[in-house]
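Q: I am new to this structure and would love a friendly close look at one single part of it. Please pick a part, go through it slowly, and then show me how some other places in the chain look.

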Amino acid sequence: MLCQSLLAILDQGPCYGYQLRHEFDRRTGSTWPLNVGQIYNTLERLERDGLVERGDADEQGHVYWQITDDGSAEVAQWLSSPVVRTQATRDELAIKLAVAATLPGVDVAAVIQSQRTASLRQLQSLQRAKYAGGEADGPEELSWALVVDSMIFAAEAEVRWLDHTEQRLALHPRQAMALELATERPKRGRPAKAGAPFADAAPSL
């Protein structure tokens, strides 16, 4: 995401490192602050991949980076393609509650309530947030609002999911959900995927 965002900014014209960080902040409402080291590490990867190239330095020693034709094509592809959220993405909260629900003696309702309190506090903080920049109703305020709106919707969804999880777990007796440690020793190697033709050849761990 950072790579494509920086490329999209460079597609507007050459920039140096601090300038790129400033432009990224302007377009995301400073919600995800970046350090200059991240910027330059990303630029070096983009240069290695042939998507940007170093230009000349100005009188102050700022080295300007400019996008290549391949970089512009990458930006066009990024903007025209949907973001795919893969199933492999690990959600710490979902994993925590899934594990807690199977542990004998754990009060999962208390775990959920603690999380709900924190999630509601975060939601209320986001709802009270005010733009601290200059021009109201300008493009920077709009970009900030879009990011904060996304965070608000995510927080609201998290609270709804916690409510759903609590209701679902209430349908199952705690003793029926608890998992003791398995007595059967697991086989070495990665679990075989269904339909994988070479599942037996999985390397040992």
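A: What follows starts with the chain as a whole, moves to helix α3 for the close look, and then visits a few other places.

A word on the ground rules: this is a predicted model, in which local features need pLDDT of at least 70 and side-chain atom pairs count only at pLDDT 80 or more, while totals for chains, interfaces and linings use all residues. Residues are numbered from 1 along each chain as its sequence is written, and side-chain values use heavy atoms, with hydrogens and water left out.

Let us begin with the overall plan. The protein chain has eight helices and two strands; these are DSSP runs numbered from the N terminus, with helices being H or I of at least four residues and strands being E of at least two. Read from the N terminus, the order is α-α-α-β-β-α-α-α-α-α. Of its 205 residues, 26% count as buried, a term for under 20% relative accessible area, with exposed meaning over 50% and partly exposed in between (1.4 Å probe, protein chains only). The accessible surface comes to about 14900 Å², and 53% of that belongs to carbon and sulfur atoms; the areas come from the Shrake-Rupley method with a 1.4 Å probe, and for residues only the protein chains shown count as cover. Contacts (heavy atoms within 4.5 Å) can bridge long stretches of sequence: among those between residues at least 6 apart, 53% join residues at least 24 apart.

Now for the close look. Helix α3 covers residues 36–48, and its 13 residues should span 18 Å at 1.5 Å a residue, which agrees with the 18 Å between its end C-alpha atoms. The expected span here is 1.5 Å times one less than the number of residues. Which residues of α3 are buried? They are V36, I39, T42, L43 and L46. Seen down the axis of α3, these buried residues fall within an arc of 125°, so they line one face of the helix; the arc is that of the directions from the helix axis to the C-beta atoms. As for partners, the buried residues of α3 pack against helices α1 (2–10) and α2 (17–28) and against strands β1 (52–57) and β2 (63–67).

One residue of that face deserves a closer visit. I39 is buried, with a relative accessible area of 0%. Not counting residues up to four places away in sequence, I39 touches L6, G17, L20, R21 and L34. I39 and Y16 are 23 residues apart in sequence, and their C-alpha atoms are 9.6 Å apart in space.

The two ends of α3 have details of their own. At the start, a side-chain oxygen of N35 reaches to within 3.0 Å of the backbone nitrogen of G37. After the helix comes G50, whose phi is positive, near 75°. G50 also has a partner further along the chain: the side chain of T68 reaches the backbone oxygen of G50 at 2.7 Å. Both are polar contacts, meaning a pair of N or O atoms within 3.5 Å; within protein, one must be able to donate a hydrogen and the other to accept it, and residues adjacent in sequence count only if both atoms are side-chain atoms. T68 is found in the loop between β2 and α4 (69–80) and counts as buried at 14% relative accessibility. Leaving aside neighbours within four places in sequence, T68 is in contact with G50, L51, V52 and E53.

Finally, the aromatic rings. The structure holds two aromatic pairs. Rings of Phe, Tyr and Trp (its six-membered ring) pair if their centres lie within 6.5 Å; planes under 30 degrees apart count as stacked, over 60 as edge-to-face and the rest as tilted. The rings of Y16 and Y64 have centres 5.4 Å apart and planes at 80°, so this pair is edge-to-face. The pair links distant parts of the chain, with Y16 in the loop between α1 and α2 and Y64 in strand β2, 48 residues apart. At 25% relative accessibility, Y64 counts as partly exposed. The rings of Y131 and W144 have centres 5.7 Å apart and planes at 50°, so that pair is tilted. Y131 lies in the loop between α6 (108–128) and α7 (139–170) and W144 in helix α7, so the pair ties together parts 13 residues apart in sequence. Y131 counts as partly exposed at 24% relative accessibility, whereas W144 counts as buried at 14%.
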